[in-house]
Amino acid sequence: MANGSNRRVIMAKEVGFCFGVKRAINLTRQALAEREDVFILGDLVHNKRVTDELEGKGLRKIEDYDNEKKGTMVIRAHGLPEEKIREIKSRGIDVVDATCPIVLRAQEAAQSLEKRGCQVVIVGDRNHAEIKGILGALESPALVVDSVEELREAKESRKLMRKVGVIFQTTHALELCNAIVNEMLMMCKEIQIINTICRPVQNRQDDAIELASKVQLMIVVGSRTSANTMELAALCLNYNVNTIHVQSAEELSFSAFENFDLIGIASGLSTPEDLVEAVKVKVLTMQADPELAIA
Ligand code: SF4
């Protein structure tokens, strides 16, 4: 049984924002410093503290841009369909494009597969902004699947062609993508694949799997609205049943970790480094639940 004094924490090799998120935050801060009316469709990152800071500096969050006729609109790291960006500019709105270069490369990969005469198949969540951006970059409709079951359904309803070009949502886990491609091998005659999984995401997933496999408890820190954090937590759970997901140190109760001596901590790509650090400090310093101590 752990008593707190033996408790050790192993941090994932990389924590804090990925370069795409850092770039988007910096571009937005710069726009806010230099321009009058700056707005954004939805949240820039899946983190309330960051969005509060930017909104405090004047960033206006909008639900749609139908009523906007001037000012500057920031395009998020996930991107936006090309035609929408054209339409926004045609209204006289300035655009600060913070689309991550890796997301842009995924759009270009889909376009090149389409030009090669393939049916484009995107492994990803059709409701995610990045996938909407990729769909908007294509001339013809693509097939979006997010599970082996969805692929089988597409095959049964004759929506899957014989010659396909496959790309992946940049934040998707390689394991899921592998399973879908393996199934596809039995269904299609020709498959061209461009690996669009983001390298920083893949590195963090590989590292988290290794860490989850050797610790007694794995803690994943990040927002529940962040796809890559949710995916990271699900992945860790496959390798360690004692995996918990918290959004911040405040959410972490003493009882969740008191019985463990060796604890691993990993985080999503939109989780600020100091939030992860706060979780580490709590795990290493808290000796008993203060509420229980008072009782
Ligand atoms: S996770 Fe990868 S693709 Fe997404 S913003 Fe970060 S660097 Fe870009």
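This is a short tour of the chain, from the whole fold to the ligand, one helix and two single residues.

**The whole chain**

Start with everything shown as a cartoon, and keep in mind that this is a predicted model. You should be able to trace 12 helices and 12 strands. Along the principal axes, the C-alpha atoms fill a box of roughly 65 × 55 × 30 Å. Of the 295 residues, 38% count as buried. Among contacts with a separation of 6 or more, 74% join residues 24 or more positions apart.

**The ligand**

Next, select the ligand and the residues around it. Which residues are closest to the ligand? They are Cys-18, Gly-20, Cys-100, Ile-102 and Cys-198, out of 14 that surround it. Now colour this shell by residue type: 11 of its residues are nonpolar, three are polar and none is charged.

Three helices are worth highlighting here, namely α1 (19-34), α4 (101-115) and α8 (199-214), since each supplies at least two residues of the shell. The one that gives the most is α1, with three residues.

**Helix α5**

Keep α4 on screen and add α5, residues 129-136. Show the side chains of Glu-130, Ile-131, Gly-133 and Ile-134, which are buried. Why do they lie on the same side of α5? They do so because the arc they cover around the helix axis is only 155 degrees. The general rule for an α-helix is that it has 3.6 residues a turn, so residues three or four places apart point the same way. To see what covers the buried residues of α5, bring in α4, β6 (119-123) and β7 (143-145), which are among the covering elements.

**Leu-135**

Stay in α5 and click on Leu-135. Leu-135 is partly exposed, because 18 other C-beta atoms lie within 10 Å, while burial takes 20 or more. Beyond its neighbours within four places in sequence, Leu-135 is in contact with Pro-81 and Ala-142. Try a distance label to Glu-82 as well: the C-alpha atoms of Leu-135 and Glu-82 are 9.5 Å apart, although 53 residues separate them in sequence.

**Arg-158**

For the last stop, move to the loop between α6 (148-156) and β8 (163-168), and pick out Arg-158. Is Arg-158 buried or exposed? Arg-158 counts as exposed, because it has 7 C-beta neighbours inside 10 Å. Check its backbone too: the phi of Arg-158 is near 60 degrees, a positive value in a residue other than glycine. Most residues other than glycine have a negative phi.

Note on methods: Residues are numbered from 1 along each chain as its sequence is written. This is a predicted model: local features need pLDDT of at least 70, side-chain atom pairs count only at pLDDT 80 or more; totals for chains, interfaces and linings use all residues. Helices (H or I, at least four residues) and strands (E, at least two) are DSSP runs, numbered from the N terminus. A residue is buried if 20 or more other C-beta atoms lie within 10 Å of its own, exposed if 12 or fewer, and partly exposed in between; C-beta atoms are placed from the backbone. A residue is near a molecule or strand if its C-beta atom, placed from the backbone, lies within 6 Å of it. Ala, Val, Leu, Ile, Met, Phe, Trp, Tyr, Cys and Pro count as nonpolar, Asp, Glu, Lys and Arg as charged, and the others, Gly among them, as polar. Two residues are in contact if their C-beta atoms, placed from the backbone, lie within 7 Å. The arc is that of the directions from the helix axis to the C-beta atoms.
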